[in-house]
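Here is a short tour for a reader who has not seen this structure before. Take a look at the sequence and the model, then read on.

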Amino acid sequence: MHLRFKGLVIISIATLAALIGIQGYLIYNTYELKKKTYTFDARTAIAKVYNSKEVDSVMWIYRNNFLSNLKTDAKSPEGKIHLLSDLRKTTATINPGFLTIYKAGLAKQEENFDVRFKKIATSIELTDTLTGKTDTIYRSNGTDTLILLGEDFNVNEGLLINNSTWQDHTGPFKLVFKSSVFMDIEGWDKVMLRELSGILVLSSLLFLFVVGLLYYSIQNLMKQKRLAEIKTDFINNITHELKTPLSTLSLATNTLTSEHAKGNKEIADGAVKIIERQNMRLQKLIDQVLQSSLGYQQIQLSKEHFNGKIFINELLDDYILTIPSSEIILNRKIESTGIAIEADRFYLSTAIINILNNAIKYGGTKLTVNYGIDNENSSHIITIQDNGIGISPKYQKIIFAKFYRISEKDTHNYKGLGLGLYYTKQIINAHGGIISVESQANRGSVFTIKIPIV
Ligand code: ADP
(Lines give C-alpha, C1' and ligand atoms only; values in the text may rest on other atoms or scores of the structure.)
Protein backbone atom coordinates (compact mmCIF):
# COMPACT_ATOMS: atom_id res chain seq x y z
CA MET A 1 0.00 0.00 0.00
CA HIS A 2 2.76 2.37 1.08
CA LEU A 3 4.88 1.54 -1.97
CA ARG A 4 1.91 1.86 -4.32
CA PHE A 5 1.10 5.26 -2.89
CA LYS A 6 4.70 6.42 -3.27
CA GLY A 7 4.75 5.10 -6.85
CA LEU A 8 1.56 6.96 -7.63
CA VAL A 9 2.97 10.24 -6.30
CA ILE A 10 6.22 9.77 -8.24
CA ILE A 11 4.33 9.00 -11.47
CA SER A 12 2.10 12.08 -11.01
CA ILE A 13 5.09 14.35 -10.41
CA ALA A 14 6.95 12.85 -13.39
CA THR A 15 3.86 13.37 -15.59
CA LEU A 16 3.64 16.95 -14.42
CA ALA A 17 7.33 17.49 -15.18
CA ALA A 18 6.83 15.99 -18.67
CA LEU A 19 3.83 18.25 -19.24
CA ILE A 20 5.85 21.29 -18.19
CA GLY A 21 8.64 20.21 -20.54
CA ILE A 22 6.26 19.84 -23.48
CA GLN A 23 4.62 23.16 -22.70
CA GLY A 24 8.02 24.86 -22.46
CA TYR A 25 9.04 23.35 -25.78
CA LEU A 26 5.81 24.52 -27.45
CA ILE A 27 6.25 28.04 -26.09
CA TYR A 28 9.85 28.12 -27.27
CA ASN A 29 8.75 27.01 -30.74
CA THR A 30 6.05 29.66 -30.82
CA TYR A 31 8.66 32.23 -29.80
CA GLU A 32 11.00 31.16 -32.57
CA LEU A 33 8.17 31.19 -35.12
CA LYS A 34 6.99 34.63 -34.04
CA LYS A 35 10.55 35.90 -34.18
CA LYS A 36 10.99 34.56 -37.70
CA THR A 37 7.70 36.03 -38.89
CA TYR A 38 8.46 39.37 -37.31
CA THR A 39 11.97 39.44 -38.76
CA PHE A 40 10.63 38.51 -42.16
CA ASP A 41 8.00 41.27 -42.04
CA ALA A 42 10.56 43.84 -40.87
CA ARG A 43 12.92 42.76 -43.60
CA THR A 44 10.20 43.08 -46.24
CA ALA A 45 9.35 46.56 -44.94
CA ILE A 46 13.02 47.62 -45.12
CA ALA A 47 13.39 46.10 -48.59
CA LYS A 48 10.44 48.15 -49.79
CA VAL A 49 12.03 51.38 -48.55
CA TYR A 50 15.53 50.42 -49.63
CA ASN A 51 14.43 49.62 -53.18
CA SER A 52 12.47 52.83 -53.55
CA LYS A 53 13.47 55.43 -56.14
CA GLU A 54 14.37 58.01 -53.51
CA VAL A 55 16.91 55.71 -51.85
CA ASP A 56 18.21 54.71 -55.24
CA SER A 57 18.99 58.30 -56.12
CA VAL A 58 20.79 58.79 -52.80
CA MET A 59 22.85 55.69 -53.57
CA TRP A 60 23.84 57.10 -56.88
CA ILE A 61 25.22 60.21 -55.24
CA TYR A 62 27.77 58.36 -53.21
CA ARG A 63 28.62 55.97 -56.04
CA ASN A 64 29.26 58.85 -58.43
CA ASN A 65 31.24 60.72 -55.79
CA PHE A 66 33.32 57.65 -55.10
CA LEU A 67 34.00 57.02 -58.78
CA SER A 68 35.00 60.57 -59.52
CA ASN A 69 37.28 60.63 -56.42
CA LEU A 70 38.73 57.32 -57.54
CA LYS A 71 39.82 58.76 -60.88
CA THR A 72 41.90 61.45 -59.19
CA ASP A 73 43.07 59.66 -56.04
CA ALA A 74 43.72 56.09 -57.12
CA LYS A 75 47.12 56.70 -58.58
CA SER A 76 48.94 57.85 -55.46
CA PRO A 77 49.31 55.90 -52.16
CA GLU A 78 48.01 58.89 -50.11
CA GLY A 79 45.09 59.06 -52.48
CA LYS A 80 43.74 55.83 -51.10
CA ILE A 81 43.51 57.36 -47.63
CA HIS A 82 41.79 60.34 -49.21
CA LEU A 83 39.33 58.03 -50.88
CA LEU A 84 38.19 56.65 -47.52
CA SER A 85 37.94 60.03 -45.83
CA ASP A 86 36.02 61.35 -48.82
CA LEU A 87 33.71 58.38 -48.55
CA ARG A 88 33.07 59.22 -44.89
CA LYS A 89 32.44 62.85 -45.85
CA THR A 90 29.92 61.83 -48.52
CA THR A 91 28.12 59.66 -45.95
CA ALA A 92 28.03 62.57 -43.48
CA THR A 93 26.49 64.77 -46.18
CA ILE A 94 23.88 62.43 -47.57
CA ASN A 95 23.00 60.40 -44.47
CA PRO A 96 20.59 62.92 -42.86
CA GLY A 97 18.59 63.02 -46.10
CA PHE A 98 18.65 59.23 -46.34
CA LEU A 99 17.46 58.80 -42.75
CA THR A 100 14.52 61.15 -43.38
CA ILE A 101 13.52 59.16 -46.46
CA TYR A 102 14.05 55.86 -44.59
CA LYS A 103 11.96 56.83 -41.58
CA ALA A 104 9.17 58.28 -43.70
CA GLY A 105 9.18 55.11 -45.83
CA LEU A 106 8.93 52.86 -42.76
CA ALA A 107 6.15 54.96 -41.28
CA LYS A 108 4.10 54.35 -44.41
CA GLN A 109 4.14 50.58 -43.86
CA GLU A 110 1.12 48.77 -42.43
CA GLU A 111 2.85 47.77 -39.25
CA ASN A 112 4.87 50.32 -37.35
CA PHE A 113 8.32 48.80 -37.22
CA ASP A 114 10.92 50.46 -35.08
CA VAL A 115 13.93 49.14 -36.97
CA ARG A 116 17.35 50.73 -37.30
CA PHE A 117 19.21 50.30 -40.57
CA LYS A 118 22.81 50.50 -41.64
CA LYS A 119 24.77 49.77 -44.75
CA ILE A 120 28.49 49.31 -44.19
CA ALA A 121 31.42 48.74 -46.52
CA THR A 122 33.07 45.39 -45.87
CA SER A 123 35.84 45.55 -48.44
CA ILE A 124 37.03 47.79 -51.28
CA GLU A 125 39.56 46.37 -53.75
CA LEU A 126 41.16 47.88 -56.79
CA THR A 127 42.83 45.68 -59.45
CA ASP A 128 45.16 47.16 -61.99
CA THR A 129 43.97 45.59 -65.25
CA LEU A 130 47.42 46.00 -66.82
CA THR A 131 49.57 44.49 -64.10
CA GLY A 132 46.85 42.36 -62.51
CA LYS A 133 47.93 43.66 -59.08
CA THR A 134 45.15 43.93 -56.54
CA ASP A 135 45.21 46.67 -53.94
CA THR A 136 42.98 46.46 -50.87
CA ILE A 137 41.83 49.96 -50.06
CA TYR A 138 39.64 48.90 -47.17
CA ARG A 139 38.73 45.72 -45.31
CA SER A 140 36.44 45.74 -42.36
CA ASN A 141 38.02 44.15 -39.30
CA GLY A 142 34.90 43.98 -37.21
CA THR A 143 35.71 46.84 -34.83
CA ASP A 144 36.18 49.65 -37.34
CA THR A 145 33.11 50.03 -39.52
CA LEU A 146 32.81 52.26 -42.53
CA ILE A 147 29.18 53.30 -42.55
CA LEU A 148 27.77 54.16 -45.93
CA LEU A 149 24.18 54.79 -44.93
CA GLY A 150 22.02 54.63 -41.82
CA GLU A 151 22.68 54.64 -38.09
CA ASP A 152 25.61 53.20 -36.24
CA PHE A 153 24.86 50.28 -33.92
CA ASN A 154 26.74 47.24 -32.73
CA VAL A 155 26.82 44.58 -35.45
CA ASN A 156 26.30 41.90 -32.83
CA GLU A 157 22.93 43.42 -31.90
CA GLY A 158 21.85 43.63 -35.52
CA LEU A 159 20.80 41.07 -38.07
CA LEU A 160 22.54 40.75 -41.41
CA ILE A 161 19.91 41.00 -44.13
CA ASN A 162 21.89 41.46 -47.30
CA ASN A 163 25.40 41.29 -48.78
CA SER A 164 26.03 43.03 -52.06
CA THR A 165 28.95 43.55 -54.43
CA TRP A 166 29.35 46.55 -56.70
CA GLN A 167 31.79 46.15 -59.56
CA ASP A 168 33.01 48.84 -61.92
CA HIS A 169 35.70 49.32 -64.52
CA THR A 170 37.14 52.74 -64.14
CA GLY A 171 39.90 53.39 -66.65
CA PRO A 172 42.73 50.99 -65.94
CA PHE A 173 41.15 49.79 -62.68
CA LYS A 174 38.63 47.19 -61.79
CA LEU A 175 36.71 48.08 -58.61
CA VAL A 176 35.14 45.48 -56.33
CA PHE A 177 33.15 47.21 -53.57
CA LYS A 178 31.48 44.86 -51.10
CA SER A 179 28.90 45.99 -48.62
CA SER A 180 26.50 44.56 -46.07
CA VAL A 181 23.11 45.69 -44.84
CA PHE A 182 22.12 45.18 -41.19
CA MET A 183 18.94 45.86 -39.31
CA ASP A 184 18.33 46.17 -35.61
CA ILE A 185 14.86 45.82 -34.21
CA GLU A 186 14.50 48.17 -31.25
CA GLY A 187 13.04 46.74 -28.03
CA TRP A 188 13.09 43.28 -29.56
CA ASP A 189 12.52 41.56 -26.18
CA LYS A 190 9.58 43.79 -25.33
CA VAL A 191 7.98 43.16 -28.74
CA MET A 192 8.30 39.40 -28.29
CA LEU A 193 7.03 39.56 -24.72
CA ARG A 194 3.99 41.54 -25.88
CA GLU A 195 3.34 39.07 -28.69
CA LEU A 196 3.67 36.09 -26.35
CA SER A 197 2.05 37.61 -23.26
CA GLY A 198 -1.30 35.91 -23.89
CA ILE A 199 0.11 32.44 -24.27
CA LEU A 200 2.52 32.96 -21.34
CA VAL A 201 -0.22 34.07 -18.96
CA LEU A 202 -2.50 31.26 -20.08
CA SER A 203 0.11 28.56 -19.71
CA SER A 204 1.21 29.90 -16.31
CA LEU A 205 -2.40 29.78 -15.12
CA LEU A 206 -2.79 26.30 -16.52
CA PHE A 207 0.43 25.23 -14.83
CA LEU A 208 -0.68 26.65 -11.48
CA PHE A 209 -4.06 24.97 -11.87
CA VAL A 210 -2.52 21.56 -12.61
CA VAL A 211 -0.04 21.89 -9.73
CA GLY A 212 -2.89 22.92 -7.41
CA LEU A 213 -4.97 19.98 -8.58
CA LEU A 214 -2.10 17.57 -8.07
CA TYR A 215 -1.35 18.99 -4.64
CA TYR A 216 -5.01 18.75 -3.66
CA SER A 217 -5.29 15.15 -4.93
CA ILE A 218 -2.14 14.03 -3.11
CA GLN A 219 -3.31 15.74 0.08
CA ASN A 220 -6.67 14.02 -0.24
CA LEU A 221 -5.06 10.68 -0.92
CA MET A 222 -2.83 11.07 2.12
CA LYS A 223 -5.81 12.01 4.26
CA GLN A 224 -7.71 8.94 3.07
CA LYS A 225 -4.70 6.78 3.75
CA ARG A 226 -4.29 8.20 7.24
CA LEU A 227 -8.00 7.71 7.94
CA ALA A 228 -7.85 4.10 6.78
CA GLU A 229 -4.83 3.50 9.03
CA ILE A 230 -6.52 5.18 11.99
CA LYS A 231 -9.66 3.09 11.44
CA THR A 232 -7.68 -0.14 11.39
CA ASP A 233 -5.76 0.92 14.51
CA PHE A 234 -8.96 1.80 16.28
CA ILE A 235 -10.56 -1.56 15.46
CA ASN A 236 -7.44 -3.35 16.67
CA ASN A 237 -7.35 -1.30 19.86
CA ILE A 238 -11.01 -1.69 20.73
CA THR A 239 -10.88 -5.44 20.06
CA HIS A 240 -7.90 -5.63 22.35
CA GLU A 241 -9.69 -3.56 25.03
CA LEU A 242 -12.85 -5.71 24.83
CA LYS A 243 -11.06 -9.02 24.96
CA THR A 244 -9.97 -8.83 28.62
CA PRO A 245 -13.35 -7.92 30.20
CA LEU A 246 -15.15 -10.41 27.98
CA SER A 247 -12.90 -13.33 28.81
CA THR A 248 -12.99 -12.38 32.51
CA LEU A 249 -16.80 -12.24 32.30
CA SER A 250 -16.95 -15.65 30.71
CA LEU A 251 -14.67 -17.06 33.41
CA ALA A 252 -16.78 -15.50 36.18
CA THR A 253 -20.06 -16.83 34.73
CA ASN A 254 -18.50 -20.29 34.41
CA THR A 255 -17.52 -20.12 38.09
CA LEU A 256 -21.00 -18.93 39.07
CA THR A 257 -22.74 -21.72 37.18
CA SER A 258 -20.34 -24.43 38.37
CA GLU A 259 -21.46 -26.92 41.02
CA HIS A 260 -18.60 -25.74 43.15
CA ALA A 261 -20.00 -22.20 43.50
CA LYS A 262 -23.54 -23.31 44.21
CA GLY A 263 -22.72 -24.41 47.70
CA ASN A 264 -20.15 -21.69 48.40
CA LYS A 265 -21.48 -18.18 48.98
CA GLU A 266 -17.98 -16.65 49.13
CA ILE A 267 -17.01 -17.92 45.69
CA ALA A 268 -20.39 -16.86 44.28
CA ASP A 269 -20.07 -13.34 45.72
CA GLY A 270 -16.53 -13.03 44.40
CA ALA A 271 -17.69 -14.00 40.89
CA VAL A 272 -20.60 -11.56 41.03
CA LYS A 273 -18.21 -8.78 42.04
CA ILE A 274 -15.96 -9.62 39.10
CA ILE A 275 -18.98 -9.50 36.78
CA GLU A 276 -19.96 -6.11 38.20
CA ARG A 277 -16.45 -4.70 37.74
CA GLN A 278 -16.11 -5.97 34.20
CA ASN A 279 -19.57 -4.70 33.42
CA MET A 280 -18.53 -1.26 34.66
CA ARG A 281 -15.36 -1.44 32.58
CA LEU A 282 -17.32 -2.29 29.46
CA GLN A 283 -19.76 0.54 30.22
CA LYS A 284 -16.84 2.97 30.61
CA LEU A 285 -15.36 1.87 27.32
CA ILE A 286 -18.65 2.38 25.48
CA ASP A 287 -19.15 5.76 27.16
CA GLN A 288 -15.68 6.83 26.10
CA VAL A 289 -16.37 5.95 22.48
CA LEU A 290 -19.78 7.65 22.55
CA GLN A 291 -18.49 10.80 24.26
CA SER A 292 -15.62 11.17 21.90
CA SER A 293 -17.94 11.34 18.93
CA LEU A 294 -18.93 14.76 20.23
CA GLY A 295 -17.30 17.76 18.65
CA TYR A 296 -16.76 20.77 20.91
CA GLN A 297 -19.84 22.47 19.43
CA GLN A 298 -22.02 19.64 20.68
CA ILE A 299 -20.73 19.69 24.24
CA GLN A 300 -23.44 21.27 26.39
CA LEU A 301 -21.70 23.16 29.16
CA SER A 302 -23.44 24.29 32.29
CA LYS A 303 -20.99 26.93 33.41
CA GLU A 304 -20.65 28.37 36.88
CA HIS A 305 -18.15 30.60 38.67
CA PHE A 306 -15.92 28.89 41.18
CA ASN A 307 -12.65 29.32 43.03
CA GLY A 308 -9.91 27.65 41.00
CA LYS A 309 -7.66 26.90 43.98
CA ILE A 310 -10.39 25.06 45.89
CA PHE A 311 -11.61 23.28 42.75
CA ILE A 312 -8.19 21.91 41.79
CA ASN A 313 -7.20 21.00 45.33
CA GLU A 314 -10.41 19.02 45.82
CA LEU A 315 -9.99 17.36 42.44
CA LEU A 316 -6.44 16.29 43.30
CA ASP A 317 -7.43 15.10 46.78
CA ASP A 318 -10.00 12.78 45.22
CA TYR A 319 -7.65 11.75 42.45
CA ILE A 320 -4.90 10.63 44.84
CA LEU A 321 -7.30 8.10 46.31
CA THR A 322 -7.73 6.46 42.90
CA ILE A 323 -3.99 6.11 42.18
CA PRO A 324 -3.22 2.41 42.54
CA SER A 325 0.49 2.71 43.23
CA SER A 326 1.99 4.48 46.22
CA GLU A 327 5.17 5.10 44.23
CA ILE A 328 3.51 7.96 42.41
CA ILE A 329 4.18 11.40 43.84
CA LEU A 330 1.76 14.21 43.10
CA ASN A 331 3.09 17.71 43.74
CA ARG A 332 1.00 20.83 43.53
CA LYS A 333 1.68 24.52 43.20
CA ILE A 334 -1.77 26.01 43.37
CA GLU A 335 -2.01 29.80 43.63
CA SER A 336 -4.83 31.77 45.09
CA THR A 337 -5.61 33.92 42.10
CA GLY A 338 -8.59 35.86 43.38
CA ILE A 339 -10.26 35.49 39.99
CA ALA A 340 -13.05 32.95 39.62
CA ILE A 341 -12.96 30.38 36.86
CA GLU A 342 -16.04 30.33 34.69
CA ALA A 343 -16.40 26.76 33.49
CA ASP A 344 -18.33 23.51 33.69
CA ARG A 345 -16.91 21.72 36.75
CA PHE A 346 -17.73 18.25 35.48
CA TYR A 347 -16.16 18.66 32.03
CA LEU A 348 -13.11 20.56 33.30
CA SER A 349 -12.50 17.78 35.86
CA THR A 350 -12.77 15.16 33.09
CA ALA A 351 -10.20 17.04 31.02
CA ILE A 352 -7.69 17.34 33.89
CA ILE A 353 -8.20 13.73 34.97
CA ASN A 354 -7.63 12.52 31.39
CA ILE A 355 -4.26 14.27 31.35
CA LEU A 356 -3.35 12.96 34.82
CA ASN A 357 -4.31 9.42 33.76
CA ASN A 358 -2.13 9.71 30.66
CA ALA A 359 0.75 11.07 32.74
CA ILE A 360 0.70 7.92 34.85
CA LYS A 361 -0.10 5.59 31.95
CA TYR A 362 2.87 6.86 29.95
CA GLY A 363 5.43 6.27 32.66
CA GLY A 364 5.12 9.29 34.95
CA THR A 365 5.97 8.70 38.60
CA LYS A 366 6.41 12.32 39.61
CA LEU A 367 3.52 14.58 38.65
CA THR A 368 3.29 18.31 39.26
CA VAL A 369 0.12 20.33 38.86
CA ASN A 370 0.34 24.14 38.69
CA TYR A 371 -2.44 26.65 38.71
CA GLY A 372 -2.16 30.41 38.25
CA ILE A 373 -3.03 33.34 36.05
CA ASP A 374 -1.43 34.16 32.71
CA ASN A 375 -1.69 37.96 32.76
CA GLU A 376 -0.37 38.38 29.24
CA ASN A 377 -3.17 36.33 27.74
CA SER A 378 -5.63 37.05 30.53
CA SER A 379 -6.41 33.43 31.20
CA HIS A 380 -6.37 30.81 33.92
CA ILE A 381 -3.46 28.51 33.35
CA ILE A 382 -3.27 24.91 34.53
CA THR A 383 -0.17 22.84 33.78
CA ILE A 384 0.31 19.13 34.36
CA GLN A 385 3.88 17.95 34.24
CA ASP A 386 5.13 14.38 34.28
CA ASN A 387 8.48 12.60 34.06
CA GLY A 388 7.20 9.86 31.73
CA ILE A 389 8.31 8.65 28.32
CA GLY A 390 7.68 12.03 26.67
CA ILE A 391 6.49 12.82 23.16
CA SER A 392 8.86 13.68 20.33
CA PRO A 393 8.06 17.06 18.67
CA LYS A 394 6.77 15.56 15.41
CA TYR A 395 3.78 13.99 17.22
CA GLN A 396 2.91 16.90 19.47
CA LYS A 397 0.19 18.40 17.27
CA ILE A 398 -1.29 15.17 16.01
CA ILE A 399 -1.84 13.49 19.41
CA PHE A 400 -4.96 15.65 19.83
CA ALA A 401 -6.53 14.13 16.70
CA LYS A 402 -9.34 11.61 17.02
CA PHE A 403 -8.15 7.99 17.39
CA TYR A 404 -4.51 9.00 17.09
CA ARG A 405 -2.04 6.92 19.07
CA ILE A 406 1.70 7.04 18.70
CA SER A 407 2.49 3.71 17.13
CA GLU A 408 6.24 4.03 17.69
CA LYS A 409 5.80 2.86 21.23
CA ASP A 410 4.76 -0.68 22.03
CA THR A 411 0.96 -0.34 22.07
CA HIS A 412 0.59 -3.53 24.09
CA ASN A 413 2.30 -1.81 26.99
CA TYR A 414 0.03 1.23 26.83
CA LYS A 415 -3.60 0.35 26.26
CA GLY A 416 -5.91 2.96 24.84
CA LEU A 417 -8.20 4.04 22.03
CA GLY A 418 -6.58 7.33 21.09
CA LEU A 419 -9.64 9.27 22.26
CA GLY A 420 -8.56 10.77 25.58
CA LEU A 421 -6.65 13.80 24.31
CA TYR A 422 -9.13 14.38 21.47
CA TYR A 423 -12.00 14.58 23.95
CA THR A 424 -9.93 16.73 26.33
CA LYS A 425 -9.22 19.18 23.53
CA GLN A 426 -12.92 19.33 22.61
CA ILE A 427 -13.78 20.16 26.22
CA ILE A 428 -11.17 22.93 26.42
CA ASN A 429 -12.25 24.32 23.02
CA ALA A 430 -15.87 24.36 24.20
CA HIS A 431 -14.68 26.66 27.00
CA GLY A 432 -12.97 28.94 24.47
CA GLY A 433 -9.61 27.80 25.78
CA ILE A 434 -6.56 26.11 24.35
CA ILE A 435 -4.53 23.05 25.22
CA SER A 436 -0.93 22.50 24.23
CA VAL A 437 1.98 20.25 25.05
CA GLU A 438 5.70 20.73 25.48
CA SER A 439 7.78 17.61 25.53
CA GLN A 440 10.87 15.75 24.42
CA ALA A 441 11.18 12.00 23.99
CA ASN A 442 12.19 10.41 27.31
CA ARG A 443 12.13 13.74 29.11
CA GLY A 444 8.53 13.86 30.34
CA SER A 445 5.74 16.13 29.17
CA VAL A 446 4.02 19.34 30.23
CA PHE A 447 0.38 19.78 29.19
CA THR A 448 -0.96 23.33 29.47
CA ILE A 449 -4.63 24.27 29.63
CA LYS A 450 -5.63 27.92 29.25
CA ILE A 451 -9.17 29.00 30.06
CA PRO A 452 -9.97 32.64 29.25
CA ILE A 453 -10.85 35.03 32.07
CA VAL A 454 -14.30 36.44 31.39
P1 ADP B 1 -4.61 6.87 24.35
O2 ADP B 1 -3.93 7.18 25.65
O3 ADP B 1 -5.88 6.14 24.52
O4 ADP B 1 -3.69 6.23 23.37
P5 ADP B 1 -4.82 9.74 24.04
O6 ADP B 1 -5.63 10.53 23.09
O7 ADP B 1 -5.05 9.99 25.49
O8 ADP B 1 -5.03 8.24 23.65
O9 ADP B 1 -3.30 10.02 23.74
C10 ADP B 1 -2.83 9.99 22.41
C11 ADP B 1 -1.36 9.58 22.38
O12 ADP B 1 -0.57 10.61 22.95
C13 ADP B 1 -1.05 8.35 23.18
O14 ADP B 1 -1.18 7.20 22.40
C15 ADP B 1 0.37 8.57 23.65
O16 ADP B 1 1.25 8.05 22.70
C17 ADP B 1 0.53 10.08 23.64
N18 ADP B 1 0.50 10.64 25.04
C19 ADP B 1 -0.53 11.23 25.63
N20 ADP B 1 -0.20 11.68 26.87
C21 ADP B 1 1.10 11.37 27.02
C22 ADP B 1 2.06 11.54 28.10
N23 ADP B 1 1.74 12.17 29.26
N24 ADP B 1 3.31 11.11 27.90
C25 ADP B 1 3.67 10.50 26.75
N26 ADP B 1 2.82 10.28 25.70
C27 ADP B 1 1.56 10.72 25.84
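How many bridges join strand β7 to strand β9, and in which sense do the two strands run? Strand β7 covers residues 329-334 and strand β9 covers residues 366-374. Six bridges join them, and they run parallel. Within this pair, I334 stands opposite Y371 of β9.

Keep in mind that this is a predicted model.

**The domains**

The chain is divided into two parts: domain 1 spans 52-186 and domain 2 spans 304-452. Taken over C-alpha atoms, the centres of domain 1 and domain 2 are 93 Å apart.

**The sheet**

Strand β9 also pairs with strand β10, residues 379-386. Here the sense is antiparallel, with seven bridges. I373 stands opposite H380 of β10. β9 and β10 form a hairpin, with four residues between them. In that turn, S378 has a positive phi of about 40 degrees.

Further along, β11 pairs with strand β12, residues 445-452. This pairing is antiparallel and has six bridges. S436 stands opposite T448 of β12.

How are the strands ordered in the sheet? The order is β7-β9-β10-β12-β11. The sheet is open, has five strands and shows mixed pairing. Why is one side of β7 and of β11 left without a neighbour in the sheet? β7 and β11 (434-439) stand at the edges, and each has a single partner strand, so one side of each has no neighbour there. From one strand to the next, the twist averages 15 degrees.

Helix α8, residues 345-361, packs on this sheet. The helix touches β7, β9, β10, β11 and β12. Its direction makes about 20 degrees with that of β10.

**The ligand**

Which residues are closest to the ligand? They are N358, K361, Y362, R405 and L421, out of 20 residues that surround the ligand.

Three backbone contacts to oxygen atoms of the ligand are listed here.

| Residue | Protein atom | Distance to a ligand oxygen atom |
|---|---|---|
| I406 | polar backbone atom | 3.5 Å |
| G418 | backbone N or O atom | 2.9 Å |
| L421 | backbone N or O atom | 2.8 Å |

How much of the ligand does the protein bury? Taken alone, the ligand exposes 540 Å², and the protein buries 98% of that. L421 thus appears twice: among the closest residues, and with a backbone N or O atom 2.8 Å from an oxygen atom of the ligand.

Technical notes
Residues are numbered from 1 along each chain as its sequence is written. This is a predicted model: local features need pLDDT of at least 70, side-chain atom pairs count only at pLDDT 80 or more; totals for chains, interfaces and linings use all residues. Side-chain values use heavy atoms; hydrogens and water are left out. Domain bounds come from an automatic or database domain assignment. Two strands pair if DSSP finds at least two bridges between them. Axes are lines fitted to C-alpha atoms, for helices over the stretch in contact, and angles run from 0 to 180 degrees between N-to-C directions. Contact means heavy atoms within 4.5 Å. A residue is near a molecule or strand if one of its heavy atoms lies within 4 Å of it. A polar contact is a pair of N or O atoms within 3.5 Å; within protein, one must be able to donate a hydrogen and the other to accept it, and residues adjacent in sequence count only if both atoms are side-chain atoms. Accessible areas come from the Shrake-Rupley method with a 1.4 Å probe; for residues, only the protein chains shown count as cover.
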